[in-house]
Amino acid sequence: MSGNMNITLKVWRQNKASDKGRFETYAIPNVSEDMSFLEMFDILNEQLIIEGKDPVAFDHDCREGICGMCSMFINGRPHGPLKGVTTCQLHMRSFKNGDTIVVEPWRAKAFPVIKDLVVDRSAFDRIIAAGGYISVNTGNAQDANSLPVAKENADHAFFAAACIGCGACVAACKNASAMLFTSAKISQLALLPQGAPERNTRALNMVAQHDAEGFGSCTNTGACEAECPKGISLSNIARMNREYLGAALMS
Amino acid sequence: MSTSPKLDAKIPEGVLENKWTKYRSTVPLVNPANKRSLEIIVVGSGLAGSAAAASLAEMGYKVKVFCFQDSPRRAHSIAAQGGINAAKNYQNDGDSVYRLFYDTIKGGDYRAREANVHRLAEVSGNIIDQCVAQGVPFAREYGGLLSNRSFGGTQVQRTFYAAGQTGQQLLLGAYSALERQIGMGAVQMYSRHEMLDIVNIDGKCRGIIARDLVTGKLERHFGHAVLLCTGGYGNVFYLSTNAMGSNVTAAWKAHKKGAFFSNPCYTQIHPTCIPVSGTHQSKLTLMSESLRNDGRIWVPKRKEDAQAIREGKLNPNDLKEEDRDYYLERRYPAFGNLVPRDVASRAAKERCDAGFGVNKTGEAVFLDFAANMMRYGRIEANKKGIYNPTEDVVKQLGKEVVVEKYGNLFDMYKQITGVDPYENPMMIYPAVHYTMGGLWVDYNLMTTVPGLYALGEANFSDHGANRLGASALMQGLADGYFVIPYTIGAYLSNEIRTKAIPTDHEAFVTAEKETAEQINKLMNVKGTKPVDYFHRKLGLIMWNECGMARNAEGLKKAIQDIQALRDEFWKDVRIPGEANNMNPELEKAGRVADFLELGELMCIDALNRNESCGGHFREEYQTEEGEALRDDENYAYVASWENKGNSWELHKEELKYENIKIAQRSYK
């Protein structure tokens, strides 16, 4: 081990969904500032295994900020203190020697805890399954350049499509609303001509599924946008509301 | 040399250009009513898996999909950055299906199958059409049409992209198609499930054993056919650009049940990754190949300058142009910074080994954007009608262009290294990225086990000994959207009378029992060392002896070291917790156990191949200029290994080049 930071971690431990759960405190010596936050957890877990204790379960996979699997609530903020950064890309140079860091899972009724810091985010998949697609079977497509899209619209569709589905927006929201997530997909497809034929059913069905999953409603606080590691804009929610109202009037 | 009778690739007869078209029109069909009673299992939900599952469900088959992540959208295809190739010739720069085919065969150093690669090039355009129809937001020009960029190993611009997040956008497109089928009930999704074995009945693959990673329960699933879309095995090196969970287990279990494993030694070391910073490191991060479009790679010409930079006494920005060695441009003037990955990686290693490395460890070279940033800045100034702009204005305008093209990559670099790449040249070094080897498949993508298929990176078929940039996404989606939906008919049309086999069949019971025993064995070692200890050690052996450069002596030693490490693992690994609960350490242990076997086979394969080709560089076989020296007379074959319990038997598939003249690969 290489570093010279001493970190104290207060980590949420919960053996399974039905358990009550509690915080446990761990001291991690010799943390290097080049380490990522998750690499510090690797070291903690190795330490726990050697001591014969149960390591901390946490979700992670790509460790380069794109898969959306990591999900820690760090010192009261999803993905920690930096803007535009997921937990896996948060490095210990963002903390100080001697810091105590509190780490919890995402807290939302629609994201039940599975174990420790791992939560069930399958509600997001069901929202997409309700309409977050264009109904085009394989083989149905025309030549890609036969459908020009204004660069500005294509760019904005891309910015919305950059959502990684991590759920930080839900964790940040006092109502545990998933409107930023839902609106990002609705916006992406509303901005493209390919999305037009299904725009009404898409908005209605995705919003209905969002509500059915137990996510709260949006009160325009903007915490989601502030905490989103991919900078998904609140304007997507406004666009979704227009799509939804338009669709509701038509139906 | 002749091809082993066990390896009938079933390549259709006829001229190359017509093979696929003709085959596609004659392959047996399954009528819609019968499709409804045929069940297909898809393991893995990346580009190949999601595309296959969605397409097959659209056709009417009953599909089950398994992934170990919490959602199919997280598969590691999501992390692909730079782009996807397609022979659209939208840039009017001379591209064609033939040229993409030719570039891919040449890039693979003449070790891929002609017919498969030609088919890949033929369907490449359909992929772009399909993705755009799904709403994938590719980069566009102001006229509203699609934009392209260059990638390594080619001289045309055929790469479609979405900033530095092309894989993400393509996967989310395939994922949305998959979710649509899930929503309609045509696909049953099993997230947080890991496949731990295949089940063969009467010589055909009929299902899988999977572990529910939340409850730890083992499950049996029947399928008339099973598709492994489980990616590559780069994590055998411990440090790689793969995701933490990427593993070989599905392919390896299939290998142990009869699927031959081909060319395992062909691994791709990607030249532009963020260098290793310390022993705590858990993974390496790629900086997209697209950066080589605009970045120039260099080290100092003089060793003393390199040393001064290493010691922090000299700022690389202050080193004069004539004191820099742009070694790729010097060695390969025709392709310059856009040589294929294997060539670029070896060249970086050569400079660093010679003492010109530029970071603390001496294992890094510069990737410098300064010159192109200024060039872009001057173009922008012209567009805006700013005449005689100051240097600062040019730099600012140029920076804006770079932000749009590569912003997320530059941010990522800064986040990981703490250095601002807009102001300083990036430091990069090669890292394990992709594996060209994989399960042997025939033209239909079927392995040597009837009914068991391998798609995408999990198979071996299209990239030879080196994959070109932006071709992995192309192959994954080609296999999933446009190949398997046709070729699976050749098999399933004969299975319409096979009723679903109940999973209390003896073969399922036995396979589940064996899986449970393996888990018990792992849990009961109760040793002293965590799984990562062994994984790191294995990675180091592989990197040192079976990495960018290999030799017979080192490989022989590596085989012994791996065997010894494997023994130690089974005596001393410690897995905490219980098997009947969520247990990430148990998951890792199973995967590392398989890597410990695969690693040995990789070294055996590398030792067998007494030549250098693509990513496989044997130090004994090189030209005077240090380039890879192939031996076409003796090694123009696919090395396919049959598992024999404690050993392997080699079977050869001869590679015949009927349309391309085989030559020494030159990028000079």
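What share of the contacts in chain B with a separation of 6 or more comes from residues 24 or more positions apart? The answer is 75%, where a contact means two residues whose C-beta atoms, placed from the backbone, lie within 7 Å.

Before going on, a word on the ground rules. This is a predicted model, in which local features need pLDDT of at least 70 and side-chain atom pairs count only at pLDDT 80 or more, while totals for chains, interfaces and linings use all residues. Residues are numbered from 1 along each chain as its sequence is written, and chains are lettered from A and ligands numbered from 1 in the order in which they are written.

**Chain B overall**

Chain B holds 19 helices and 19 strands; these are DSSP runs (H or I, at least four residues, for helices; E, at least two, for strands), numbered from the N terminus. Its radius of gyration is 25 Å, close to the 26 Å that the globule rule gives for 668 residues, so chain B is as compact as a globular protein of that length. That radius is taken over C-alpha atoms, and the rule is 2.2 Å times the number of residues to the power 0.38. Along the principal axes, the C-alpha atoms of chain B fill a box of roughly 80 × 60 × 50 Å.

Of the 668 residues in chain B, 61% count as buried. Buried means 20 or more other C-beta atoms within 10 Å of a residue's own, exposed means 12 or fewer, and partly exposed is in between. The largest nonpolar core has 299 residues; such a core is a set of buried Ala, Val, Leu, Ile, Met, Phe, Trp, Tyr and Cys residues joined through C-beta atoms within 7 Å. B:Tyr453 is among the residues that touch the most other members. Leaving aside neighbours within four places in sequence, B:Tyr453 has contacts including B:Ala225, B:Leu227 and B:Ile484.

Two loop residues in chain B have a positive phi although they are not glycines, as the table shows.

| Residue | Phi | Loop in chain B | Other C-beta atoms within 10 Å |
|---|---|---|---|
| B:Asn89 | about 55° | between β3 (84-85) and α4 (97-107) | 18, partly exposed |
| B:Lys526 | about 45° | between α15 (506-525) and α16 (531-546) | 12, exposed |

**Chain A and its neighbour**

An automatic or database domain assignment gives chain A domain 1 (5-115) and domain 2 (122-250). The C-alpha centres of these two domains lie 29 Å apart, and 18 residues of domain 1 are in contact with 16 residues of domain 2.

Chain A also has an open sheet of 5 strands, in the order β2-β1-β5-β3-β4, with mixed pairing. Strands pair if DSSP finds at least two bridges between them. At the edges stand β2 (22-31) and β4 (77-78) of chain A, each with a single partner strand, so one side of each is left without a neighbour in the sheet. β3 (residues 73-74) of chain A pairs with β4(A) in the antiparallel sense over 2 bridges, and A:Ile74 has A:Arg77 in β4(A) as its bridge partner.

How do the chains meet? 69 residues of chain A are in contact with 64 residues of chain B. On the chain A side, α1(A) gives the most, with 6 residues. By class, that side divides into 34 nonpolar, 19 polar and 16 charged residues. Here Ala, Val, Leu, Ile, Met, Phe, Trp, Tyr, Cys and Pro count as nonpolar, Asp, Glu, Lys and Arg as charged, and the others, Gly among them, as polar.
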